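Please load the model in the viewer and set the display to a plain backbone trace. The stops below are meant to be followed in order, each with a selection to make and a note on what is found there.

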Amino acid sequence: MLLRQLEYLVALARERHFARAADACFVSQPSLSAGIRKLERELDVPIVRRGRRFEGLTPEGERVLLWAHRILAERDALRQELSEMRGGLAGTLRLGAIPTALTAASLLTTPFCERHPGVRVSLESLSSREISDRLAEFELDAAMTYLDDDALRHVRRFPLYEERYLLLTPADAPPAGLPVARWAQAAALPLCLLSSRMRNRRIMDECFAADGVTASPAVETDSVAGLYAHLTGSGGRWSSVISHAWLHMFGVPAGMRVVPLEGPAHGPRVGLVIADRRPEPVLARALLAVARQARVRDALDALVEAHLGGS
């Protein structure tokens, strides 16, 4: 059994298409198919359910896939440890982030790359469910997500910051001049918010409900970039409730103000999670070391105070 055959299987399970899996592995489709058939013969089990196209994995194939993820992760960990022994880390750090934390990821990745110039970073925007699944399947080294997520299992958690919620509204809107706004006042504005499918939005809805109102946004989006596109390109029509971490990437658009919202000073904790396994992946351990010194919470809090002072 060759590691290359396991890579073919992982690619096929991910792409669910023979040609795309072959492209991802930089081989021809016949080469990829032959490699997987050879793996089936060596293990003496059917791995792939075949029809006119890829139809999924057999139960035995699902078990082989789990081991393939584990074996390839161990291979990568070995390479990383050897590169560390040679005096410098190498390889690719696979980092996931929920969309609302993605805006603050550079506070970790930039100092990480400065400290470890031989390491590349692959950063993906993922849902909290995808993060949980991919950590368990050895497809991520670490992730930024809500630490109180019930779906997280067998992970180590390192707090980075607590979300703070702000009203972002046109400078000529009534709440813009207030020192603090109520959630009920925000609900009365023409709103653009994240989708109700997203954890961040559900937390905000709980805050609206605590103030006796229900938000009815005219525009919903599943990306922070999409939300800001409406705020900056609408001629002062829309307001929104934002997490203070978004200021790091997008700031406050011209002609708008941020106003603190009444309620708990800090929301749910966002942090770094890594799979709790031994030996600990070298790159994940290196990222944790950077996170302990990055002072992400202080950086984001200073950003909020700077914008409030300029309002």
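Of the 311 residues in the chain, 48% are buried. The model is a predicted one. With the whole chain selected, the C-alpha trace spans about 70 × 50 × 30 Å along its principal axes. Colouring by secondary structure brings out 13 helices and twelve strands.

**Stop 1: strand β7 and its partners**

Select residues 165–170, which form strand β7. Is this strand mostly covered or mostly open? Six of its six residues are buried, so β7 counts as mostly covered.

Add residues 240–243 to the selection; this is strand β10, which pairs with β7 in the antiparallel sense over four bridges. Next add strand β11, residues 256–260, which also runs antiparallel to β7 and is joined to β7 by five bridges.

Two individual residues of β7 serve as markers for these pairings. Leu 166 is located in β7, and its bridge partner in β10 is Ile 242. Thr 169 has its bridge partner in β11, namely Arg 257. Leu 166 has a relative accessible area of 3% and is therefore buried, the cut-off being under 20%.

Keep Leu 166 selected and pick Leu 57 as well. How far apart are the two in space, C-alpha to C-alpha? The distance is 47 Å, with their positions 109 residues apart in sequence.

**Stop 2: a salt bridge beside β7**

Select Arg 164 and Asp 301 and show their side chains. The two meet in a salt bridge, with an N to O distance of 3.1 Å. Arg 164 belongs to the loop between β6 (155–162) and β7, whereas Asp 301 belongs to helix α13 (residues 296–309). The pair links distant parts of the chain, 137 residues apart. Both Arg 164 and Asp 301 are buried.

**Stop 3: further salt bridges**

The structure holds 17 salt bridges. Select Glu 40 and Arg 50, which form one of them, with the closest N and O atoms 3.2 Å apart. Because Glu 40 lies in helix α3 (residues 29–43) and Arg 50 in strand β1 (residues 48–50), the pair ties together parts that are ten residues apart in sequence. The two ends differ in exposure: Glu 40 is buried at a relative accessible area of 10%, while Arg 50 counts as partly exposed at 32%.

Move to helix α9, residues 199–210, and select Arg 201 and Asp 205. Their side chains meet in a salt bridge of 2.9 Å, N to O. Both residues lie within this helix, four residues apart, which is about one turn. Arg 201 is buried, with a relative accessible area of 4%; Asp 205 is partly exposed, at 26%.

For a group rather than a pair, select Arg 4, Glu 7, Arg 75 and Asp 76. These residues are linked in a network of salt bridges.

**Stop 4: the loop before α3**

Select Ser 28, found in the loop between α2 (18–25) and α3. Ser 28 is partly exposed, with a relative accessible area of 36%. Add Val 48 to the selection and draw the C-alpha to C-alpha line. The separation from Ser 28 to Val 48 is 18 Å in space and 20 residues in sequence.

**Stop 5: two surface patches**

Switch on the molecular surface and select Leu 78, Leu 82 and Met 85. Which kind of patch do these residues form on the surface? The patch is nonpolar, and together its residues have about 330 Å² of accessible area. Met 85 is part of helix α4, which covers residues 59–85. At 70% relative accessibility, Met 85 lies over the 50% cut-off and therefore counts as exposed.

Finally, select Arg 129, Arg 153, Arg 157 and Arg 269. These four gather in a patch of positive charge on the surface. Arg 269 is in strand β12, residues 269–275. Is Arg 269 buried or partly exposed? At 42% relative accessibility, Arg 269 counts as partly exposed.

Definitions and conventions: Residues are numbered from 1 along each chain as its sequence is written. This is a predicted model: local features need pLDDT of at least 70, side-chain atom pairs count only at pLDDT 80 or more; totals for chains, interfaces and linings use all residues. Side-chain values use heavy atoms; hydrogens and water are left out. Patches are made of residues with over 30% relative accessible area and no salt bridge: like charges are joined within 9 Å, nonpolar side chains (Val, Leu, Ile, Met, Phe, Trp, Tyr) within 5 Å. Accessible areas come from the Shrake-Rupley method with a 1.4 Å probe; for residues, only the protein chains shown count as cover. Lys and Arg count as positive and Asp and Glu as negative; His and the chain ends are not counted. The place of a charge is taken as NZ of Lys, CZ of Arg, CG of Asp or CD of Glu. Buried means under 20% relative accessible area, exposed over 50%, partly exposed in between (1.4 Å probe, protein chains only). Two strands pair if DSSP finds at least two bridges between them.
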